[in-house]
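Thank you all for coming; I would like to walk you through one model this morning, and I will put it up on the screen now.

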Amino acid sequence: MSAAATDPRIDQLFAAAKAAQAKAYAPYSRFRVGAALRSDTGRIHAGCNVENAAYPVGTCAEAGAIAAMILAGDRAITEILVLGEGPELCTPCGACRQRLREFGAASLKVHVAGPEGLRAHFTLGELLPHSFGPDNLA
C-alpha cells in the first residue's frame, strides 16, 4: 500500500523504511521498526532497530538512519519517516528526538507510518518543544 498516493517524496521514504524494517533485528520484542530520512542533499538514508539481550544497548531505527547519513557525508536532515508495527503511532523515542535535533531544525518533518501507510505528520518542534541543540552551545 502506498504511503501517500499524492506525494511521491513520502512514497520514497516509505519504501526505504519498509525495506529497512524487513531487515530489523528484533528477536526479543518482535517489534520491527524501519526509518528513512532525507538529507538536505536530497539523498535518502535508512536504518532499522537492532536489539540486544541487554536491552538498553539496542539501537533505534532512527539512530541507524542518522549513522548511515553521517557515513555518507551528509550532515542535515529535512524529513524522516518512521514505520512501526501495531495499531499505535510509532513516533521517535525521546532519545531519538534529541538525535534528530542534532541534525535538524524545529521545522524538520516527521512522518509516522504503519504497515498500511502514512498515519500522521508532525514537526520536530511539535515533538520536542523548546529543545536544546547545537545552537545553544554557540
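**Pocket, core and a buried aspartate**

The lining of the largest pocket is made up, by class, of ten nonpolar, six polar and two charged residues. Please keep in mind as we go that this is a predicted model. The volume of this largest pocket comes to about 310 Å³, and among the 18 residues that line it, those closest to its centre are Val 33, Asn 49, Glu 51, Thr 59 and Cys 60.

Let me turn to the interior. The largest nonpolar core holds 18 residues, and those with the most contacts inside it include Leu 37, Ile 77 and Leu 100. Two or more residues each are given to this core by strand 1 (34-39), helix 2 (61-71), strand 3 (77-83), strand 4 (109-114) and helix 4 (124-127), with the largest share, four residues, coming from helix 2. A second, separate core has nine residues, including Leu 13, Phe 14, Ala 36 and Leu 83.

Now, what does Asp 74, in the loop between helix 2 and strand 3, touch beyond residues up to four places away in sequence? The list is Ser 39, Thr 41, Arg 43, His 45 and Met 69. Asp 74 has a relative accessible area of 3%, and because that is under 20% it counts as buried. Its side chain is joined to that of Ser 39 by a polar contact of 2.6 Å, and a polar contact of 2.6 Å also joins the side chains of Asp 74 and Arg 43. As for Thr 41, its C-alpha atom is separated from that of Asp 74 by 7.2 Å, with the two residues 33 apart along the chain.

How values were computed:
Residues are numbered from 1 along each chain as its sequence is written. This is a predicted model: local features need pLDDT of at least 70, side-chain atom pairs count only at pLDDT 80 or more; totals for chains, interfaces and linings use all residues. Side-chain values use heavy atoms; hydrogens and water are left out. A nonpolar core is a set of buried Ala, Val, Leu, Ile, Met, Phe, Trp, Tyr and Cys residues joined through side-chain atoms within 4.5 Å. Buried means under 20% relative accessible area, exposed over 50%, partly exposed in between (1.4 Å probe, protein chains only). On a 1 Å grid over the protein atoms alone, a cavity is a set of points where a 1.4 Å probe fits but cannot get out, and a pocket is an open set with protein on both sides within 12 Å along at least five of seven lines; lining residues have an atom within 4 Å of a point. Grid points are joined across faces, edges and corners, and a volume is the space filled by probe spheres set on the points. Ala, Val, Leu, Ile, Met, Phe, Trp, Tyr, Cys and Pro count as nonpolar, Asp, Glu, Lys and Arg as charged, and the others, Gly among them, as polar. Contact means heavy atoms within 4.5 Å. A polar contact is a pair of N or O atoms within 3.5 Å; within protein, one must be able to donate a hydrogen and the other to accept it, and residues adjacent in sequence count only if both atoms are side-chain atoms.
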